[in-house]
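Trainee: Please give me a close look at one part of this model, the surroundings of the nucleic acid. State the cut-offs as you go, and end with what lies behind that part.

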Number of protein chains: 2
Amino acid sequence: MNEDAVFHALADASRRELLDRLHRRGGQTLGALCEGLAMSRQAVTKHLAILEAANLVATERRGREKLHHLNPVPIHAIAERWIAKFQRPQLDALADLKRTLEGEEHDRPE
Amino acid sequence: MNEDAVFHALADASRRELLDRLHRRGGQTLGALCEGLAMSRQAVTKHLAILEAANLVATERRGREKLHHLNPVPIHAIAERWIAKFQRPQLDALADLKRTLEGEEHDRPE
DNA sequence: GCATTATGCAACCACAAGGTTGCATGTCAA
DNA sequence: TTGACATGCAACCTTGTGGTTGCATAATGC
């Protein structure tokens, strides 16, 4: 799995919205995903292609329709492999930051 | 905290590298963070500004130096508020996806 | 067959993003 | 004070990104 592709795919609010929709209801067609969005069908197609390239969305052909499914595995992998690294020593880092910020010439209370 | 700013900040590999460096050692100056990077000082400055705007990096003035500290809170918030949503029903979604993909006209074993 | 429907492909456009260079500002130390 | 050092600011350039429109292709139903 390509970490950069996943982060890049998650960086856009429209794509996160699409993931939300697929999270609520899987197996939606392109047309269904377009409904209610202030965006052309082709724009949605591009977003889905990016999500697909990042392996965040799996597709399935059903005749002339293309059904989309959310694939939570890369998100899980990101959380496990990358975010956890910053979470684990969170309290230590916070304490350290606090110590640093308060221990120095910290006069203005803001 | 601005979810979009955090995701956007995390989308760039150079910025994730900077976070990694600050994770390894906090309180580094701009000059220290530039060492070994194939990028001008000004490029790093811009990246740090984006990380700062997303509240992922906290800074502290020390005379003519500017010390940078990692702030893991927004990353933690993202993991809690956004990623957990996709992780929780992960097994369900995976099972559902598997069922869908295998239950239909799925002939090629690949 | 043939019109309709669902999606794919390609060209195009505006703008933001990452990067650079050049110079200004501010701080330290002798 | 003055030179050196650390950072800030601004203009500029190139590429990538999100978006559009127009047309092509493929499946469905009558």
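Mentor: What follows takes the DNA strands in turn and then the protein core and one helix.

This is a predicted model, in which local features need pLDDT of at least 70 and side-chain atom pairs count only at pLDDT 80 or more, while totals for chains, interfaces and linings use all residues. Residues are numbered from 1 along each chain as its sequence is written, chains are lettered from A and ligands numbered from 1 in the order in which they are written, and side-chain values use heavy atoms, without hydrogens and water.

Start with DNA strand C, which has 23 residues around it; G31(A), R64(A), S40(B), K46(B) and H47(B) come nearest. A residue counts as near if one of its heavy atoms lies within 4 Å of the strand. Sugar and phosphate make up 55% of the strand C atoms that come within 4 Å of the protein.

The polar contacts are pairs of N or O atoms within 3.5 Å; within protein, one must be able to donate a hydrogen and the other to accept it, and residues adjacent in sequence count only if both atoms are side-chain atoms. On strand C, the side chain of Q42(A) places an N or O atom 3.3 Å from a base oxygen, and the side chain of Q42(B) has an N or O atom 3.1 Å from a base oxygen. R15(B) instead has a polar side-chain atom 2.9 Å from a phosphate oxygen of strand C.

Helices (H or I, at least four residues) and strands (E, at least two) are DSSP runs, numbered from the N terminus. The elements with at least two residues each near strand C are α3 (30-34), α4 (41-53) and β2 (65-70) of chain A, plus α2 and α4 of chain B. The largest share, five residues, comes from α4(B). By type, the surface near strand C has four nonpolar, nine polar and ten charged residues. Here Ala, Val, Leu, Ile, Met, Phe, Trp, Tyr, Cys and Pro count as nonpolar, Asp, Glu, Lys and Arg as charged, and the others, Gly among them, as polar.

DNA strand D is surrounded by 22 residues, the closest being R15(A), S40(A), K46(A), H47(A) and G31(B). Of its atoms within 4 Å of the protein, 58% belong to sugar or phosphate and the rest to bases. A phosphate oxygen of strand D is 2.3 Å from a polar side-chain atom of H47(A), and a phosphate oxygen is 3.1 Å from a polar backbone atom of L30(B). R64(B) places a polar side-chain atom 3.1 Å from a base oxygen of strand D. Two or more residues come from each of α2 and α4 of chain A and α3 (30-34) and α4 of chain B. The most, five residues, comes from α4(A). The surface near strand D divides into four nonpolar, nine polar and nine charged residues.

Now the core. The largest nonpolar core has 47 residues, and L19(A), L56(A), L19(B) and L56(B) have the most contacts inside it. Such a core is a set of buried Ala, Val, Leu, Ile, Met, Phe, Trp, Tyr and Cys residues joined through side-chain atoms within 4.5 Å, where buried means under 20% relative accessible area, exposed over 50% and partly exposed in between (1.4 Å probe, protein chains only). Not counting residues up to four places away in sequence, L19(B) touches residues that include W82(A), F86(A), L10(B) and L56(B); contact means heavy atoms within 4.5 Å.

Last, helix α1 (residues 3-10) of chain B has E3(B), V6(B), F7(B), A9(B) and L10(B) buried. They lie on the same side of α1(B), because they cover an arc of only 160° around the axis, taken from the directions from the helix axis to the C-beta atoms.
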